[in-house]
Amino acid sequence: MSNAFDRYAPFVQEFIYRNDWQKLRAIQVAAADAIFNTDDNLLLTASTASGKTEAAFFPIITLLSENPPTSVGAIYIGPLKALINDQFGRLNELCAQGDIPVWHWHGDVAQSHKAKMMKLPSGILQITPESLEAMLLRRPNDIYRLFCDLRFVVIDEIHALMGTDRGDQILCQLCRIARLIGHTPRRIGLSATMGEPQLAARWLA
């Protein structure tokens, strides 16, 4: 394995062993170095099924486990309900070992699940842009309590969001959250391989 593996939380290391990974991929090593050793925003571009999600979340959940946030610590913005549902199952399995709650929030999620998150905001929130917009509009007085210690925002499929109204909506939402909580969380973008990653990096920033 690598120095990145050594830096991961023990439950993340155990997850890797349990799934019989022989080594980390290059994107996972590079992402770990950036997330652990800098305060920069980060753009991860690679082909489908290349391990981008793990590259982002292995170090994020390590940091959340070492210093638990007093609110939701990371937001994952996914453009599709199906994508969020898939990621929810994958992250839940991993984060359960580190006592990090994972919440998902869109129109098909039970109100009881949402109510639990509202009562005890913590861990990772996975949400669609539309549901985040509704939260900002309908629960403005709760935003500080929900996100006061927010440290990371992970935006998936940004190649499909750049230059669109939906993408502009997300950037506006992040600016509103930053203004309400008094700080700007780090942004991590996930994208399929693209010809001009510099454009995506500028959009993300």
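The protein chain holds 10 helices and 6 strands. The model is a predicted one. With 205 residues, a compact globule would have a radius of gyration near 17 Å, and the chain's 16 Å agrees with that. Of these residues, 54% count as buried.

**Overall build**

- Along the principal axes, the C-alpha atoms fill a box of roughly 45 × 40 × 30 Å.
- Take the contacts between residues at least 6 apart in sequence: 72% of them join residues at least 24 apart.
- The accessible surface comes to about 9700 Å². Carbon and sulfur atoms account for 51% of that surface.
- The chain carries 20 positive and 21 negative side chains. The centres of these two sets lie 6 Å apart.

**Nonpolar cores**

- The largest nonpolar core has 40 residues. Tyr-8, Val-12, Leu-44, Ile-61, Ile-124 and Ile-188 touch the most other members.
- Helix 4, residues 52-66, supplies the largest share of this core, with 7 residues.
- Another core, of 29 residues, lies apart from it. Its members include Ile-75, Ile-155, Leu-171 and Leu-204.
- Ile-124 touches many residues beyond four places away in sequence, among them Phe-57, Ile-61 and Leu-64. Ala-74, Leu-91, Cys-95 and Ile-100 are also among the residues that Ile-124 touches. So are Pro-101, Val-102 and Trp-103.

**Ala-55 in helix 4**

- Ala-55 is found in helix 4. Its relative accessibility is 0%, so Ala-55 counts as buried.
- Leaving aside neighbours within four places in sequence, Ala-55 is in contact with Ile-27, Gln-28, Ala-31, Ile-35 and Leu-44.
- Leu-44 is also one of the residues that touch the most other members of the largest core.
- Ala-55 and Arg-90 are 35 residues apart in sequence. Their C-alpha atoms are 13 Å apart in space.

**Helix 7**

- Helix 7 spans residues 129-138. Because 7 of its 10 residues are buried, helix 7 is largely enclosed by the rest of the structure.
- The buried residues are Pro-129, Ser-131, Leu-132, Glu-133, Ala-134, Met-135 and Leu-136.
- These buried residues pack against three strands: strand 2 (74-77), strand 3 and strand 4 (124-127).
- They also pack against helix 6, helix 8 (143-147) and helix 9 (165-181).

**Two buried histidines**

- His-106 lies in the loop between strand 3 (102-105) and helix 6 (111-119). Its relative accessibility is 1%, so His-106 counts as buried.
- Not counting residues up to four places away in sequence, His-106 touches Lys-81, Ile-84, Asn-85, Lys-114, Thr-128 and Ser-131. Ser-131 is one of the buried residues of helix 7.
- His-113 is found in helix 6. At 17% relative accessibility, His-113 counts as buried, because the cut-off is under 20%.
- Leaving aside neighbours within four places in sequence, His-113 is in contact with Phe-88, Val-102, Trp-103 and His-104. Val-102 and Trp-103 are also among the residues that Ile-124 touches.

**The loop between helix 2 and helix 3**

- Leu-24 lies in the loop between helix 2 (10-18) and helix 3 (26-37). At 9% relative accessibility, Leu-24 counts as buried.
- Leu-24 and Pro-197 are 173 residues apart along the chain. Their C-alpha atoms are separated by 23 Å.
- Asp-20 is found in the loop between helix 2 and helix 3. Asp-20 is exposed, with a relative accessible area of 57%.

**Positive phi angles**

- Most residues other than glycine have a negative phi.
- Asp-20 has a phi near 60°, a positive value in a residue other than glycine.
- Asp-99 also has a positive phi, near 55°. Asp-99 is found in the loop between helix 5 (81-96) and strand 3.
- At 69% relative accessibility, Asp-99 counts as exposed.

Terms used
Residues are numbered from 1 along each chain as its sequence is written. This is a predicted model: local features need pLDDT of at least 70, side-chain atom pairs count only at pLDDT 80 or more; totals for chains, interfaces and linings use all residues. Side-chain values use heavy atoms; hydrogens and water are left out. Helices (H or I, at least four residues) and strands (E, at least two) are DSSP runs, numbered from the N terminus. The radius of gyration is taken over C-alpha atoms; the globule rule is 2.2 Å times the number of residues to the power 0.38. Buried means under 20% relative accessible area, exposed over 50%, partly exposed in between (1.4 Å probe, protein chains only). Contact means heavy atoms within 4.5 Å. Accessible areas come from the Shrake-Rupley method with a 1.4 Å probe; for residues, only the protein chains shown count as cover. Lys and Arg count as positive and Asp and Glu as negative; His and the chain ends are not counted. The place of a charge is taken as NZ of Lys, CZ of Arg, CG of Asp or CD of Glu. A nonpolar core is a set of buried Ala, Val, Leu, Ile, Met, Phe, Trp, Tyr and Cys residues joined through side-chain atoms within 4.5 Å.
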